[in-house]
Amino acid sequence: MQPVVLLHGLIGPFADERAVIHLHPAVVLSPDLLGYGRETDVNPHGITIDAQVEYVRTTLNNGAPNTRVHLVGHSVGGVIAASFAHRYPDRVDSLVNVEGNFTLADAFWSAQVSTKTPDQVNAMLEADRADPARWLRESGVEPTGDRIRSAAEALVYQPASTIQATARAVVEYTGVPSYEQLLHEVFERTPVHLVAGARSRAGWHVPEWALTEAASYTEVPDAGHMVMLEAPDSFGKVLAELVADPRRNNAALH
């Protein structure tokens, strides 16, 4: 099986061993994107979608050279994944879009963050870090012990400057007509699987053309937008099924 590359969203990583175990024995790469994790020292002024795409290319050249991969992008990571697939189609065997942004309507929170002052964003992040259970509840997630621990890890995964820089980058990149054309071209030449949390699906603005052209569409039951954090085992099983048969063409609802 080709390697699987997990690209995280605006806040927190996107790899939980309870999900990743279902992908074994495939190689699984889950890079810290620019500004996140081990890359927090990156100048936030250099955080753009194009820069993230090139960072992902470097990651693949180092960790999965000379091979095609299954690219999985969550939320903001879905934008980066689509842009990568458009620029380097020869490196992508399939693309799994997990509630990734299609229009500015999907970037409403990024749009809010992008207009705040740095102090306001920092204060917001510090408040969430002080009470991850509240952060989960406000996101519609029941704060169990495991989820609180995962939320705490997610909230310290990046500084406020990274959140704001990434939010601005997403708004700028997805707010122009050329982004929809980019998506059309990706769907035409790459199998694209759409995955949503059942509870958050109504808030995901997937155009009809994307549902029609997608290789598959799947909903993870009893989960919202933070599907990896909330339902890692169920999500891992979905991913394993998709990458095992990346070119299937159906609209199955799981």
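## Strand β4 and its neighbours

Let's start in the sheet: β4 is joined to strand β5 (residues 192-197) by four bridges, and the two run parallel. One spot to look at is Val98, which stands opposite Val195 in β5. Keep in mind while browsing that this is a predicted model.

Turn to strand β3 (residues 69-74) and you find another parallel pairing, with six bridges joining β3 to β4. Here Val72 has Val96 of β4 as its bridge partner. As a general point, strands of a sheet pair through backbone hydrogen bonds, either parallel or antiparallel.

So is β4 buried or exposed? Seven of the seven residues in β4 (residues 92-98) are buried, so the strand is largely enclosed by the rest of the structure.

## The whole sheet

Zooming out, the six strands form an open sheet with parallel pairing, in the order β2-β1-β3-β4-β5-β6. Its edges are β2 and β6 (216-220), each of which pairs on one side only. Along with its six strands, the protein chain has twelve helices.

## A look at Leu33

Leu33 sits in a loop, the one between β2 (28-29) and α2 (49-63). Being in a loop doesn't put Leu33 on the surface here: its relative accessible area is 1%, under the 20% cut-off, so Leu33 counts as buried.

What does Leu33 touch, leaving aside residues up to four places away in sequence? The list is Leu7, His8, Glu39, Gln52, Tyr55, Val56, Ile80 and Tyr157. Take Leu7 from that set: Leu7 and Leu33 are 26 residues apart along the chain, yet their C-alpha atoms are separated by 7.7 Å.

## Overall shape and packing

For the global picture, the C-alpha trace spans about 45 × 35 × 35 Å along its principal axes. The radius of gyration is 17 Å, which agrees with the value near 18 Å that a compact globule of 254 residues would have.

On packing, 54% of the 254 residues count as buried. Looking at contacts between residues at least 6 apart in sequence, 73% join residues at least 24 apart.

## Surface and charge

The protein chain exposes about 10,900 Å², and carbon and sulfur atoms supply 52% of that area. As for charges, there are 19 positive and 31 negative ones, and the mean positions of the two sets are 2 Å apart.

Conventions. Residues are numbered from 1 along each chain as its sequence is written. This is a predicted model: local features need pLDDT of at least 70, side-chain atom pairs count only at pLDDT 80 or more; totals for chains, interfaces and linings use all residues. Side-chain values use heavy atoms; hydrogens and water are left out. The radius of gyration is taken over C-alpha atoms; the globule rule is 2.2 Å times the number of residues to the power 0.38. Buried means under 20% relative accessible area, exposed over 50%, partly exposed in between (1.4 Å probe, protein chains only). Contact means heavy atoms within 4.5 Å. Accessible areas come from the Shrake-Rupley method with a 1.4 Å probe; for residues, only the protein chains shown count as cover. Lys and Arg count as positive and Asp and Glu as negative; His and the chain ends are not counted. The place of a charge is taken as NZ of Lys, CZ of Arg, CG of Asp or CD of Glu. Two strands pair if DSSP finds at least two bridges between them.
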